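Here are my notes on the model you sent over. Have the viewer open while you read, and go through the points in order.

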Amino acid sequence: ARAEVVARLGKPDGPRYDWDGSGATDTWRETRLHVGYDREGDVAEVGFRPGGGVALSLRGERLWTATEQPDPNPALLRLELAPYAWLGKLIFPSLDIVTAGFHLGDASRYCLTVANDRWNDAVTDAYTPDLSRYRRP
């Protein structure tokens, strides 16, 4: 729950409530981390932005080191071949991961979020993304 997250990470820089009343999101600027909660206050997602000094791995695939945060999509595409896109995000449903900005080359939106099935129910007009930038010749 939120109290446990704050106890471990310290006081957030400020809560930001979701526009639809579905929960709240806390942000820590120094570690470039955000935690989203559902209406009951349980953790629904954890998001990471480059530059926070966090290392991330998934199923033996190194996504980021504490000092280097390259585009995680090539590694994620080795684990799930058919993500879908929605509002500029790539959603990897079997991994419960959402990435933003990387596949569009938009550094201002770079983020990797572990979303615990949160996005699958919300997406109604998803589409097949252009992933040609990740194909090898």
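The points below go from the overall fold down to single residues.

1. **What we are looking at.** First, a reminder that this is a predicted model. The protein chain has 3 helices and 10 strands. Reading from the N terminus, the order is α-β-β-β-β-β-β-α-β-β-β-β-α.

2. **Overall dimensions.** The radius of gyration comes out at 15 Å, close to the 14 Å that the globule rule gives for 137 residues, so the chain is as compact as a globular protein of that length. Along the principal axes, the C-alpha trace spans about 50 × 35 × 25 Å. As for burial, 42% of the 137 residues count as buried. If you take contacts between residues at least 6 apart in sequence, 37% of them join residues at least 24 apart.

3. **The β3–β4 hairpin.** Strand β3 (residues 33–38) pairs with strand β4 (residues 43–48) in the antiparallel sense, over 5 bridges. One of the residues to click on is valine 35, whose bridge partner in β4 is valine 46. The two strands make a hairpin with 4 residues between them, and glycine 41 in the turn has a positive phi of about 90°.

4. **From β4 across to β10.** Follow β4 to its other partner here, strand β10 (residues 111–114): the two run antiparallel and are joined by 3 bridges. Phenylalanine 48 is bridged to leucine 112 in β10, and valine 46 to valine 114. Valine 46 therefore has a bridge partner in β10 as well as valine 35 in β3, if you put the two pairings side by side.

5. **β9 against β10.** Strand β10 also pairs with β9 (97–100). How many bridges join β9 to β10, and in which sense do the strands run? There are 4 bridges, and the strands run antiparallel. Alanine 100 has cysteine 111 as its bridge partner in β10.

6. **The main nonpolar core.** The largest nonpolar core has 21 residues, and Leu63, Trp64, Leu76 and Leu112 have the most contacts inside it. Elements giving two or more residues to this core are β3, β6 (61–64), α2 (73–79) and β8 (89–92). Leucine 76 is a good place to start looking: leaving aside neighbours within four places in sequence, leucine 76 is in contact with Leu58, Leu63, Phe92, Leu95, Ile97, Thr99 and Leu112. Leu112 turns up again here as the β10 residue bridged to phenylalanine 48.

7. **A second core.** There is also a separate core of 6 residues, and Ile91, Val98, Ala115 and Val123 are among them.

8. **Aromatic rings.** The structure holds 2 aromatic pairs. In one of them, phenylalanine 102 and tyrosine 110 are stacked, 4.2 Å centre to centre with 10° between the planes. Is each of these two rings' residues buried or exposed? Phenylalanine 102 counts as buried because its relative accessibility is 2%, under the 20% cut-off. Tyrosine 110 is partly exposed, with a relative accessible area of 22%. Ring pairs link Trp64, Phe102 and Tyr110 into a cluster, and Trp64 is also one of the residues with the most contacts inside the largest core.

9. **Histidine 103 and its surroundings.** Histidine 103 sits in the loop between β9 and β10. Despite that loop position, histidine 103 is buried, at 8% relative accessible area. Not counting residues up to four places away in sequence, histidine 103 touches Asn73, Gly88, Lys89, Leu90, Arg133 and Tyr134. Two of those, arginine 133 and tyrosine 134, have an arrangement of their own: the charged end of the arginine sits over the tyrosine ring, 5.8 Å from its centre.

10. **Positive phi outside glycine.** Which backbone angles would I look at again? Leucine 87 has a positive phi, near 50°, in a residue other than glycine. Leucine 87 lies in the loop between β7 (84–86) and β8 and is exposed, with a relative accessible area of 56%. Aspartate 96 has a positive phi of about 60°, and is not a glycine either. Aspartate 96 is found in the loop between β8 and β9, where it is partly exposed at 26% relative accessible area.

How values were computed
Residues are numbered from 1 along each chain as its sequence is written. This is a predicted model: local features need pLDDT of at least 70, side-chain atom pairs count only at pLDDT 80 or more; totals for chains, interfaces and linings use all residues. Side-chain values use heavy atoms; hydrogens and water are left out. Rings of Phe, Tyr and Trp (its six-membered ring) pair if their centres lie within 6.5 Å; planes under 30 degrees apart count as stacked, over 60 as edge-to-face and the rest as tilted. Buried means under 20% relative accessible area, exposed over 50%, partly exposed in between (1.4 Å probe, protein chains only). A charge sits over a ring if NZ of Lys or CZ of Arg is within 6 Å of the ring centre and within 35 degrees of the ring normal. Two strands pair if DSSP finds at least two bridges between them. Contact means heavy atoms within 4.5 Å. A nonpolar core is a set of buried Ala, Val, Leu, Ile, Met, Phe, Trp, Tyr and Cys residues joined through side-chain atoms within 4.5 Å. The radius of gyration is taken over C-alpha atoms; the globule rule is 2.2 Å times the number of residues to the power 0.38.
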